[in-house]
Amino acid sequence: MVTVKIRGQGQDVAVGKIICIGRNYAEHVKELGNVVPDSPILFMKPASCIVRDGGTVIIPSYSDECHHEVELAVLIGKEGKNIQPEDALEHAAGYGVAIDLTLRDVQNKLKDKGHPWEIAKAFDTSCPLSDFVPADAVEDPQDLNLKLSVNGELRQDGNSSDMMRSVAQIIAEMSYYFTLEAGDILLTGTPAGVSVLQSGDTVEASIEEVGSLQVFVA
Ligand code: ZN
């Protein structure tokens, strides 16, 4: 069983499903030449793909283009279905730092064929994840700087105020399709600046008020 910690709280939380939203920052949509979707693009990762702070990422041999995507992660603390946006943040137990690793070359091929994305998005080690801070430690989830650097060089530098769908809207929309349960983790999209990772890289991601995360590429 994969578990996560909320800082200052003794008990470990068992991770359920990890639900992710694609194309949630306009500048990132532009850099990949995609269009802004009418309805949210959702996909999932299994809990078994989580890598801890200080851990190692293994890029699968079937890809030559593994991209980093720094994302604000939301830990769900209370079950809900068809949650209304105005009630949504009550379902957040904590916030963390995640990296949504993406095999862009594989994903592009799957997209062209209309096939599911799992082998590009949900492979082993595809979700580096920090511990969580309690939700009430974050004053405003829509005003957080997100940064990611590779070998000390800044690659992503964004702010959650640029999300097209807010954290509350994401919780509400995801709960329309999937019952959210305590221990589920939501990834809220990445700002611009995604780039390719190589073997030997050190990746550091941070979100103000939330924390930081460092992983190594094998
Ligand atoms: Zn992503």
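In strand β17, the residue that serves as the bridge partner of Val150 is Val203, and this pairing is a convenient place to enter the structure, which is a predicted model. Val150 belongs to strand β13, residues 145-150, and this strand pairs with β17 in the antiparallel sense over five bridges. Strand β17 is also joined to strand β18, which covers residues 211-217, by six bridges, and these two strands likewise run antiparallel. Here Ile207 stands opposite Gly211 in β18. Between the two strands of this hairpin there are three residues, and in the hairpin Glu209 takes a positive phi near 70°.

Which side chains of β17 are buried, and which are not? Along residues 202-207 the side chains alternate, with Val203, Ala205 and Ile207 pointing to one face, where they are buried, while Thr202, Glu204 and Ser206 point to the other face and are not buried.

A further set of strands forms an open sheet of three, in the order β10-β7-β16, with antiparallel pairing. Its edge strands are β10, residues 102-103, and β16, residues 196-197, each of which pairs on one side only. Strand β7, made of residues 66-67, is paired with β10 over two bridges, and in this pairing Cys66 has Leu103 as its bridge partner.

We turn next to the metal site. The zinc ion is coordinated by oxygen atoms labelled OE in Glu69 and Glu71 and OD in Asp100, at 1.9 to 2.1 Å. Written along the sequence, the spacing of these donor residues is E-x1-E-x28-D. The pair of Glu71 and Asp100 links distant parts of the chain, since Glu71 lies in strand β8 (residues 70-76) and Asp100 in the loop between β9 (92-99) and β10, 29 residues apart. Because buried means under 20% relative accessible area, Glu71, with a value of 1%, is buried, and Asp100, also listed at 1%, counts as buried too.

Glu69 appears again in a description of the space inside the protein. The structure holds one cavity of 30 Å³ or more, and the largest cavity has a volume of about 140 Å³. Of the 18 residues that line this cavity, the closest to its centre are Gly22, Arg23, His28, Glu69 and Lys121. The elements that give two or more residues to the lining are β3 (18-22), β4 (41-45) and α3 (104-113), and the largest share, three residues, comes from α3. Sorted by class, the lining has five nonpolar, six polar and seven charged residues.

The last topic is the aromatic rings. A pair of aromatic rings is described by the distance of the centres and the angle of the planes. A search of the whole structure finds three aromatic pairs. In one of them, Phe43 and Trp117 are tilted, at 5.5 Å centre to centre and with 50° between the planes. Phe43 lies in strand β4 and Trp117 in the loop between α3 and α4 (118-121), so this pair ties together parts that are 74 residues apart in sequence. Phe43 counts as buried at 11% relative accessibility, and Trp117 counts as buried at 18%. The rings of Tyr177 and Phe178 have centres 6.3 Å apart and planes at 50°, so this pair is tilted. Tyr177 is partly exposed, with a relative accessible area of 43%, and Phe178 counts as partly exposed at 27%. Together with Tyr176, these residues, Tyr177 and Phe178, form one aromatic cluster.

Note on methods
Residues numbered from 1 in each chain as written. Predicted model: local features only at pLDDT ≥ 70, side-chain atom pairs only at ≥ 80, totals over all residues. Heavy atoms only, no water. 1 Å grid on protein atoms, 1.4 Å probe; cavity = no way out; pocket = protein on both sides within 12 Å on 5 of 7 lines; lining within 4 Å. Points joined across faces, edges and corners; volume = space filled by probe spheres on them. Helix = DSSP H or I, 4+ residues; strand = E, 2+ residues; numbered from the N terminus. Nonpolar A, V, L, I, M, F, W, Y, C, P; charged D, E, K, R; others polar. Pairing = 2+ DSSP bridges. Donors = N, O, S within 2.8 Å, 3.2 Å for Na, K, Ca; no water. Buried < 20%, exposed > 50% of the residue type's maximum accessible area, 1.4 Å probe, protein only. Phe/Tyr/Trp six-rings, centres within 6.5 Å; stacked < 30°, edge-to-face > 60°.
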